[in-house]
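Biologist: Hey, I've just opened this one and I'm new to it. Can you walk me through it?
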Amino acid sequence: MRAAALLRIARAESVANATQARTSLLEALEIIRNLPGPNRGYHFEEARTVAAAVDPALLAEIPANSFDMHERHASFQIIQTMLVHGHVDAAFHYVLSHEGSASFPFLMVGNVLHQLDPQIPEAAARRLTLLRAAVEAWRQRAFGTHPHECDHFVGLFGHCWEEFPPEEALQVTRTIVARAIEEPDTGTSAGYPNEIHFTSSRQHTLFLMLHVLRHFDPALAQSLIDSHDQLSAAARRYPNGLQTMQEEAEAEAARRKAEGATCGGGFIFAGDPKDLPRQRRLMDATRNGDFGPSIEDAIEKYREDTSPETRNYAPKEYWPSTGACRTLFYQAGKRLGPEALKLLDQVPDDDLRLFASIELAAALAGVPASSITRRKQPNPPGSPKIHGGRIVSARSSQAARSGAESPAMRSPGGRLIRCPKCSFQPPADTRWCCKCGHVWNTFWTSGLCPACHFQWEETGCHRCHEMSEHKAWYLAEP
């Protein structure tokens, strides 16, 4: 608890007193090094994010998670934290440190580019350096590894291709198109306005490159359109692909501005669709300065974390209720200022109140909001669990509680689900827990967490406790 508190205090101190923040972080690291295995790993992971805010040079002293997908997700948080805390130079070099590696953070390159003004020669040179590193990392990827990141790279190149010398841009374009055509096609689900939808990853890649192809090789672009049905349908509506979409969006924005319209804002919700009305009520109340509903929600989560029936065996500093208290008091500090102090008395636990106080202090100090990790561990330490602790069982449906028999699970497409190792077919009410704490049926989303958007490529069996490639769970027969 002291280590977690010091980490969060260090972040809160980072704006007003960088020297003291570094001292607090180093003190926390000394404690963490003496913690038992799992807790040490959790806290080192958070410490890396705090170091990104306080002193990115300390990252070299903090062990990173060796699990590739987990480390890649952590890299996104580290880069974003560096950027919001003004460490643009550190973020630039951090991305380059992954050059050629399997964990290259394609998704975050655009965030770093956004901080580099192309009109400044030195920044323009750095932009091209980052883009070339992304190209090289993409070239080294084996087919089929992290297909979503392929889309991120192609989209990035499609947006920034004019920053390359023309001959270099042409060469990269030809490589992207050739790879898309030559490699086996895979399924995807990508949608755009006006009922444009792709189920072919090959055709989606070609669509992302359509405006570049039109520039360099109009004849090839038309030939590909004529021979691919989904690309043809998309090109009829958007002749230059994403470029047409962007031009239409800019024209619509200009029209609305001329009419005096203002942006009404929007929301991105994540999680169980049944939970969205509750999330919206909490959000509306918070925007109106009423934090009562959010406090009630945090207290309900605390009851779940401490109840004998739903007890959470994860470290208390990462409980969902702890995260809820941290989030709401940061928001309260921003919205109410020092008046938010009076709300602390409603927090039912001394430890949660401590973390809420730190988050309130961070808000009052003007510290940027932090990412908050929530963990749910339904089994006590030492009990049988899935290899590596990557996904844990979170059976909690009414059928499971009553002992009623649940039907075999099927994917949304109707395919039966079966463990490749022991042939166990999980009941339809089985749930998995992501490392962020979100509980859901991983086969509803093909392994993509709806809360933090982490893509699980392996799934654990609740019977044999072995990990298997996620796509291997789907039976061929309907």
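Modeller: Sure, and keep in mind that this is a predicted model. Let's start with a helix pair: α9 (residues 166–182) packs against α10 (residues 201–208) at an angle of about 165°, and their axes are 9 Å apart. Because of that angle, α9 is roughly antiparallel to α10.

Biologist: Which hand does the crossing of α9 and α10 have, left or right?

Modeller: Left-handed.

Biologist: And which residues meet there?

Modeller: From α9 you have I176, V177, A180 and I181, and from α10 you have R202, T205 and L206. Sorted by class, the residues in this contact of α9 with α10 are five nonpolar, one polar and one charged.

Biologist: How do α7 and α9 cross?

Modeller: Helix α7 (residues 121–139) and α9 cross at roughly 30°, and their axes come within 12 Å. So α7 runs roughly parallel to α9. The crossing of α7 and α9 is left-handed.

Biologist: Who makes the contact between α7 and α9?

Modeller: On the α7 side, R132, V135, W138 and R139. On the α9 side, E168, Q171, V172, T175, I176 and R179. I176 is worth a second look, since I176 is in the contact with α7 and also meets α10.

Biologist: What's the class mix in the contact of α7 with α9?

Modeller: Four nonpolar, two polar and four charged residues.

Biologist: Let's zoom out. How many helices and strands does the chain have?

Modeller: It comes to 19 helices and seven strands. The chain has 478 residues, and 46% of them are buried.

Biologist: What share of the contacts comes from residues 24 or more positions apart?

Modeller: Counting contacts with a separation of 6 or more, 61% are between residues that are 24 or more positions apart.

Biologist: Switching topic: how many disulfides turn up in the whole structure?

Modeller: Zero. Take C422: this cysteine is in no disulfide, and the nearest cysteine sulfur, 3.7 Å away, belongs to C461.

Biologist: Why doesn't 3.7 Å count for C422?

Modeller: Because a disulfide needs the two sulfur atoms within 2.5 Å, and the sulfur of C461 is 3.7 Å from that of C422. Seen from the other end, C461 is in no disulfide either, with the sulfur of C422 as its nearest cysteine sulfur.

Biologist: Is C422 buried or exposed? And what about C461, buried or exposed?

Modeller: C422 falls in between: it is partly exposed, with a relative accessible area of 28%. C461 is buried, at 0%.

Biologist: Okay, now S200. Where does S200 lie?

Modeller: In strand β2, which covers residues 196–200. S200 counts as buried, with 6% relative accessibility.

Biologist: What is S200 in contact with?

Modeller: Leaving out neighbours within four places in sequence, S200 contacts D185, T186, T188 and Q230. Q230 brings us to helix α13 (residues 229–237), where the buried residues are Q230, L231, S232, A234 and A235.

Biologist: What covers the buried residues of α13?

Modeller: The cover includes β2, α10, α11 (210–216) and α12 (218–227). So we're back at two elements we've already met: β2 holds S200, and α10 packs with α9.

Biologist: Which residues have a positive phi without being glycine?

Modeller: N194 is one of them, with a phi of about 65°. N194 sits in the loop between β1 (187–192) and β2, and is partly exposed at 46% relative accessibility. S446 is another, with a phi near 55°.

Biologist: Why point those out?

Modeller: Because most residues other than glycine have a negative phi.

Biologist: Where does S446 lie?

Modeller: In the loop between β5 (439–440) and β6 (458–460). S446 is partly exposed, with a relative accessible area of 45%.

Biologist: Last one: where is H43, and is H43 buried or exposed?

Modeller: H43 is in helix α3 (residues 37–54), and at 2% relative accessibility H43 counts as buried.

Biologist: What does H43 touch?

Modeller: Setting aside residues up to four places away in sequence, H43 touches A3, A4, L7, I32, L35, E317 and Y318.

Terms used. Residues are numbered from 1 along each chain as its sequence is written. This is a predicted model: local features need pLDDT of at least 70, side-chain atom pairs count only at pLDDT 80 or more; totals for chains, interfaces and linings use all residues. Side-chain values use heavy atoms; hydrogens and water are left out. Axes are lines fitted to C-alpha atoms, for helices over the stretch in contact, and angles run from 0 to 180 degrees between N-to-C directions. Helices (H or I, at least four residues) and strands (E, at least two) are DSSP runs, numbered from the N terminus. Angles under 35 degrees count as roughly parallel, over 145 as roughly antiparallel, 65 to 115 as roughly perpendicular and the rest as oblique. A crossing is left-handed if the near helix is turned anticlockwise from the far one by less than a right angle, and right-handed if clockwise. Contact means heavy atoms within 4.5 Å. Ala, Val, Leu, Ile, Met, Phe, Trp, Tyr, Cys and Pro count as nonpolar, Asp, Glu, Lys and Arg as charged, and the others, Gly among them, as polar. Buried means under 20% relative accessible area, exposed over 50%, partly exposed in between (1.4 Å probe, protein chains only).
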